[in-house]
Amino acid sequence: MARWRDHRWLWADREISSDENGLFARTPEMNAAVGIPVAAGRPLSLDPCRAARRPRARHANGGRRYETTGAGAVDFAPDHAPHVGWQALDIDRGRRETQKNQVARCVWFTGLPSAGKSTLANLLEQRLYAAGRHSYLLDGDNIRRGLNRDLGFTDADRVENIRRIGEVARLMFDAGLIVLVAFISPFRSEREVARALFPAGAFIEVFVDASIEECERRDVKGLYARARRGELRNMTGIDSPYEPPESPEVRLDTARESPEICVDKILRALL
């Protein structure tokens, strides 16, 4: 897929195709309709569909006829008014950090369902609270009951899920908080987009590593069993992929390490 790069921004788009049931697959079939969410670091020039006789296309194999690799149109473009700019404010993150006597951070927990993300994030916040630190925990299930209740579990919805929570986490970081994010966040590219929202060293990726067998054993909600029976679609680890971090700041083996030891490791990286 094409990747748009502009300075510190990386927007890595992924293939999303729809079948007759409106479900999404990772790889589109030939002649399938494909939706690709695209963002760029600078304005793009586009031709109105009504002004173009046919979509422009790229050709494979030396430009032979009828071997089009891709053609399409913009289905929706947000109307970002050019006169809207960033409003400078007198109270910045540095002053908020000074007021709280701490350095703001974003601790991003990622892992399979039932790997232990929420358990560890909750225990970490208890430790931070006891130490007099100001924090807030953004939990994936809780956020889906409010801000993201309009999203499902297709690839496209998962991308938007992480985009929104990344922006919320950045706002809380700017408020001088230590923000804890406990989301499956299955795609590396979206986690990198979230990381790019923060200054260098402020984003701590925590890979809560547990095998699929261990996660199924812990699954009190019975989601894995439902997915294996075909009752639940787009289940991460079953019929929806999970891309583990390649170089996380912290890796936790929750099958071998106790929650207390795991939190100690996070605190050493955090403080």
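For this tour, Ala, Val, Leu, Ile, Met, Phe, Trp, Tyr, Cys and Pro count as nonpolar, Asp, Glu, Lys and Arg as charged, and the others, Gly among them, as polar. Keep that in mind for the pocket stop. The model on your screen is predicted.

**The whole chain**

Start with a cartoon view. The chain has 271 residues, and buried residues make up 37% of them. Its secondary structure comes to 8 helices and 11 strands. Among the contacts with a separation of 6 or more, 68% are between residues 24 or more positions apart. You will meet examples of such partners along the way.

**The second largest pocket**

Next, turn on a surface. Rolling a probe the size of a water molecule over the atoms shows where empty space is left. The second largest pocket holds about 760 Å³ of space. To find it, select P113, D141, I184, K221 and L223: of the 31 residues in the lining, these are the closest to the centre of the pocket.

Now colour the lining by class. It has 12 nonpolar, 9 polar and 10 charged residues. Which helices each supply at least two residues of this lining? They are α2 (117-130), α3 (140-143), α4 (155-174) and α7 (223-228).

**The aromatic rings**

Hide the surface and show side chains. The structure holds 4 aromatic pairs. Select W108 and F203, which form a tilted pair, 5.6 Å centre to centre with 35° between the planes. This pair links distant parts of the chain: W108 is in strand β7 (residues 105-110), F203 is in strand β10, and their positions lie 95 residues apart in the count along the chain. Are these rings buried or exposed? W108 has 0% relative accessibility, so it counts as buried, and F203 is buried as well, with a relative accessible area of 3%.

Add F173 and F198 to your selection. Their pair is edge-to-face, with 5.3 Å centre to centre and 80° between the planes. It too links distant parts of the chain, 25 residues apart: F173 is in helix α4, and F198 is in the loop between α5 (188-195) and β10. F173 is buried at a relative accessible area of 4%, and F198 counts as buried at 4% relative accessibility.

Keep W108, F173, F198 and F203 on screen together, and you are looking at one aromatic cluster.

**Helix α5**

Select α5 next. Here 6 of its 8 residues are buried, so this helix is largely enclosed by the rest of the structure. The buried ones are S189, E190, R191, V193, A194 and R195. Leave R191 and R195 shown for the next stop.

**E205 and its surroundings**

Move to E205 in strand β10 (residues 203-209). The relative accessible area of E205 is 4%; because buried means under 20%, this residue counts as buried. What does the side chain of E205 make a polar contact with? Its partner is the side chain of R195, at 3.4 Å.

Leaving aside neighbours within four places in sequence, E205 is in contact with W108, T110, R191, R195, P245, S247, P248, E249 and V250. You have already met W108 in the aromatic cluster. Select C106 too: the C-alpha atoms of E205 and C106 are separated by 8.3 Å, although the two are 99 residues apart along the chain.

**Two more acidic stops**

Go to E214 in helix α6 (residues 212-218). E214 is buried, with a relative accessible area of 16%, and its side chain makes a polar contact with the side chain of R217 at 2.5 Å.

Then select D264 in helix α8 (residues 259-270). D264 counts as partly exposed at 30% relative accessibility. Show L124 alongside D264: they are 140 residues apart along the chain, and their C-alpha atoms are separated by 8.6 Å.

**Backbone surprises**

Finish with the backbone. Most residues other than glycine have a negative phi, and most peptide bonds are trans. Select S114 in the loop between β7 and α2. S114 is not a glycine, yet its phi is positive, near 70°. S114 counts as partly exposed, at 27% relative accessibility.

For the last stop, go to N234 in the loop between α7 and β11 (250-253). N234 also has a positive phi, of about 60°, although it is not a glycine.

Terms used. Residues numbered from 1 in each chain as written. Heavy atoms only, no water. Helix = DSSP H or I, 4+ residues; strand = E, 2+ residues; numbered from the N terminus. Buried < 20%, exposed > 50% of the residue type's maximum accessible area, 1.4 Å probe, protein only. Contact = heavy atoms within 4.5 Å. Polar contact = N/O pair within 3.5 Å; in protein donor to acceptor, adjacent residues only side chain to side chain. 1 Å grid on protein atoms, 1.4 Å probe; cavity = no way out; pocket = protein on both sides within 12 Å on 5 of 7 lines; lining within 4 Å. Points joined across faces, edges and corners; volume = space filled by probe spheres on them. Phe/Tyr/Trp six-rings, centres within 6.5 Å; stacked < 30°, edge-to-face > 60°.
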